[in-house]
Amino acid sequence: MLNPTITTERLILRPYQLSDAPRLRELADSYAVASKLARLPHPYPAGEAERWIGTHEALRASGTGYPFAIEHGGDLLGSIGLEQSETGEYELGYWLGEPYWNKGFGGEAAHGILAFGFGRLGLPYVRARYIADNHASARVLAKAGFLTTGRSRKLHIVRRTEVDMVHLVLVRDAFVGGESSAKQVYNAA
Ligand SMILES: CC(C)(COP(=O)(O)OP(=O)(O)OC[C@H]1O[C@@H](n2cnc3c(N)ncnc32)[C@H](O)[C@@H]1OP(=O)(O)O)[C@@H](O)C(=O)NCCC(=O)NCCS
């Protein structure tokens with residue numbers, strides 16, 4: 001099983017462990033975070049962190065998803081992953097706990113996982129979606145080289161209203177920074 005750890009200048013992207021669950025829950029239980037994401041439940045239920053972490057091994061084993069904990073200086077900052085969407089294409093998803101926003105960690109983590117996706121996984125392209133009012137995510141994706149492909153409307157469960165979704169794609173050759181920019185370590189399963 002591919003069970004990777006990715007290191008960037010300041011971050012370690014590594015598989016989640018059950019011991020991350022209490023801090024994961026604290027960071028995820030935030031309206032500011034959940035209102036920007038399509039699938040994070042809010043309020044974040046008790047036991048959800050443990051349940052979610054428990055799905056990761058099967059995702060990695062089947063190659064349908066590569067979820068990572070984002071760690072900095074021993075602290076859990078948030079999550080990032082590449083996961084196959086309903087079309088079978090890989091999509092980038094990520095979030096950081098609010099205390100860690102606007103320090104460049106989101107862009108750095110995105111860079112690391114994209115280097116892994118294009119390098120180790122050999123993906124020809126990666127898709128992403130963000131809610132149109134999410135300017136920070138728009139910026140992170142644009143800086144990596146993503147281009148907008150279209151828009152859609154979606155009912156947002158946490159906001160209880162419809163939102164505009166922006167759809168994007170990044171093809172391998174357009175990845176700003178290149179595949180060798182993050183160091184990737186593949187642990188034994
Ligand atoms: C999206 C997210 C991961 C970005 O992480 P981050 O560490 O704050 O991102 P970075 O610091 O690397 O970059 C953010 C960029 O957006 C810019 N930005 C932040 N807020 C902004 C705003 N309201 N309007 C315009 N630009 C904004 C920053 O200036 C920075 O741009 P720069 O690199 O040119 O200076 C983080 O905000 C987050 O977790 N949000 C909640 C969950 C989420 O939105 N996930 C993505 C769903 S698609």
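**Exercise 1. How does α5 cross α6?**
Work out the handedness of the crossing in this predicted model, and then describe how α5 and α6 pack.

*Solution.* Start with the handedness: α5 passes α6 in a right-handed crossing. Next, take the geometry. The helix axes lie 10 Å apart and make an angle of about 45°. That angle falls outside the ranges for roughly parallel (under 35 degrees) and roughly perpendicular (65 to 115), so α5 and α6 are oblique to each other. Now look at who touches whom: from α5 come Gly106, Gly107, Ala110, His111 and Leu114, and they meet Ala136, Val140, Lys143 and Ala144 of α6. Sorted by class, this contact holds five nonpolar, three polar and one charged residues.

**Exercise 2. Is α5 largely enclosed or open?**
Decide from the burial of its residues.

*Solution.* Begin with the extent of the helix: α5 covers residues 105–119 and spans 21 Å from first to last C-alpha, close to the 21 Å expected. Then check burial, for which a residue needs 20 or more other C-beta atoms within 10 Å. Among those that pass are Phe105, Ile113, Leu114, Phe116 and Phe118. In total, 12 of the 15 residues are buried, so α5 is largely enclosed by the rest of the structure.

**Exercise 3. Which loop holds Asn102, and what is its phi?**
Find the loop and the backbone angle.

*Solution.* Asn102 sits in the loop between β5 and α5. Its phi is positive, about 60°, although Asn102 is not a glycine. Finally, count neighbours: 9 other C-beta atoms lie within 10 Å, so Asn102 is exposed.

How values were computed
Residues numbered from 1 in each chain as written. Predicted model: local features only at pLDDT ≥ 70, side-chain atom pairs only at ≥ 80, totals over all residues. Helix = DSSP H or I, 4+ residues; strand = E, 2+ residues; numbered from the N terminus. Expected span 1.5 Å × (residues − 1). Axes fitted to C-alpha atoms, helices over the stretch in contact; angles between N-to-C directions. Parallel < 35°, antiparallel > 145°, perpendicular 65-115°, else oblique. Left-handed = near helix turned anticlockwise from the far one by under 90°. Contact = placed C-beta atoms within 7 Å. Nonpolar A, V, L, I, M, F, W, Y, C, P; charged D, E, K, R; others polar.
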